[in-house]
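Q: I am new to this structure. Please take a close look at one part of it, the interior, and walk me through what is found there.

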Amino acid sequence: KGLGYAASTPEELDFITSFASETGIVLDPVYSGKALYRFLTEVLEDEDPESYRNSNLLFWHTGGALGMYDKGESLLAKLGEVSPVRRLDVYGKGGDGTVPI
């Protein structure tokens, strides 16, 4: 069970950033990301995977971009662990881990 509304576990944030890196599909950490994480870890890794054979499974990604704002810094930190992409310091302020341009 998760931590509750808008409270993400480290595993959920790891999944969301890895999923985005591997698929190009960005999931928000409030709804879609948490739901797909649970779906993949609980439904598809069920002890009886044969119970889903010949079944139709649908995961509906409804967007949820607004859920990204509150978790932006946490996701950026996680993304830095799995991606060579770095945030640019376009305003020249520095000191926040960005790369000056």
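A: **From the surface to the core**

The protein exposes about 7400 Å², and carbon and sulfur atoms supply 56% of that area. The model is a predicted one. Of its 101 residues, 25% count as buried. There are three helices and two strands, and along the sequence they follow the pattern α-α-α-β-β. Among contacts between residues at least 6 apart in sequence, 55% join residues at least 24 apart.

The interior can be read from its core. In soluble globular proteins, nonpolar side chains tend to be buried together. Here the largest nonpolar core has nine residues: L13, F15, I16, F19, L27, L36, Y37, F39 and L75. Two helices, α1 (10–23) and α2 (32–43), each supply at least two residues of this core. The largest share, four residues, comes from α1.

That helix is a good place to begin. The 14 residues of α1 should span 20 Å at 1.5 Å a residue, and its end C-alpha atoms are indeed 20 Å apart, which means that the two values agree. Buried in α1 are E12, L13, F15, I16, T17 and F19. An α-helix has 3.6 residues a turn, so residues three or four places apart point the same way. F15 and F19 are separated by about one helical turn because they are four residues apart in α1. F15 has a relative accessibility of 17% and therefore counts as buried. F19 reaches 19% and also counts as buried, the cut-off being under 20%.

The aromatic rings tie this part to the next helix. A search of the whole structure finds three aromatic pairs. One of them joins F15 and F19; this pair is tilted, with 5.6 Å centre to centre and 35° between the planes. Another pair, F15 and Y37, is also tilted, at 5.6 Å centre to centre, with 55° between the planes. This second pair links distant parts of the chain: F15 sits in helix α1 and Y37 in helix α2, 22 residues apart. Both F15 and Y37 are buried. Taken together, ring pairs link F15, F19 and Y37 into a cluster. Within that cluster, F19 and Y37 are 18 residues apart in sequence, while their C-alpha atoms are 9.6 Å apart in space.

F19 has further partners. Setting aside neighbours within four places in sequence, F19 is in contact with G24, I25, L27 and L36. Two of these partners, L27 and L36, are listed in the nonpolar core. Another of them, G24, comes just after α1 and takes a positive phi of about 80°.

The other helix named so far is α2. It has twelve residues and reaches 15 Å from its first C-alpha to its last, close to the 16 Å expected at 1.5 Å a residue. Its buried residues are S32, G33, K34, L36, Y37 and F39. These buried residues pack against α1. Among them, L36, Y37 and F39 belong to the nonpolar core. Leaving aside neighbours within four places in sequence, F39 is in contact with L44 and L57.

Burial in this model also includes polar residues. S8 is found in the segment before α1. S8 is buried, because its relative accessible area is 14% and the limit for burial is under 20%. A polar atom of the S8 side chain lies 3.3 Å from the backbone oxygen of P29.

For contrast, here is a residue from the other end of the accessibility scale. N54 lies in the loop between α2 and α3 (72–82). With a relative accessible area of 81%, N54 is exposed, since exposed means over 50%. Most residues other than glycine have a negative phi. N54 has a positive phi of about 60° although it is not a glycine.

In short, the core has nine residues, with four coming from α1. The buried residues of α2 pack against α1, and the linked rings of F15, F19 and Y37 form a cluster.

Technical notes. Residues are numbered from 1 along each chain as its sequence is written. This is a predicted model: local features need pLDDT of at least 70, side-chain atom pairs count only at pLDDT 80 or more; totals for chains, interfaces and linings use all residues. Side-chain values use heavy atoms; hydrogens and water are left out. Buried means under 20% relative accessible area, exposed over 50%, partly exposed in between (1.4 Å probe, protein chains only). Contact means heavy atoms within 4.5 Å. Accessible areas come from the Shrake-Rupley method with a 1.4 Å probe; for residues, only the protein chains shown count as cover. A nonpolar core is a set of buried Ala, Val, Leu, Ile, Met, Phe, Trp, Tyr and Cys residues joined through side-chain atoms within 4.5 Å. The expected span of a helix is 1.5 Å times one less than its number of residues. Rings of Phe, Tyr and Trp (its six-membered ring) pair if their centres lie within 6.5 Å; planes under 30 degrees apart count as stacked, over 60 as edge-to-face and the rest as tilted. A polar contact is a pair of N or O atoms within 3.5 Å; within protein, one must be able to donate a hydrogen and the other to accept it, and residues adjacent in sequence count only if both atoms are side-chain atoms.
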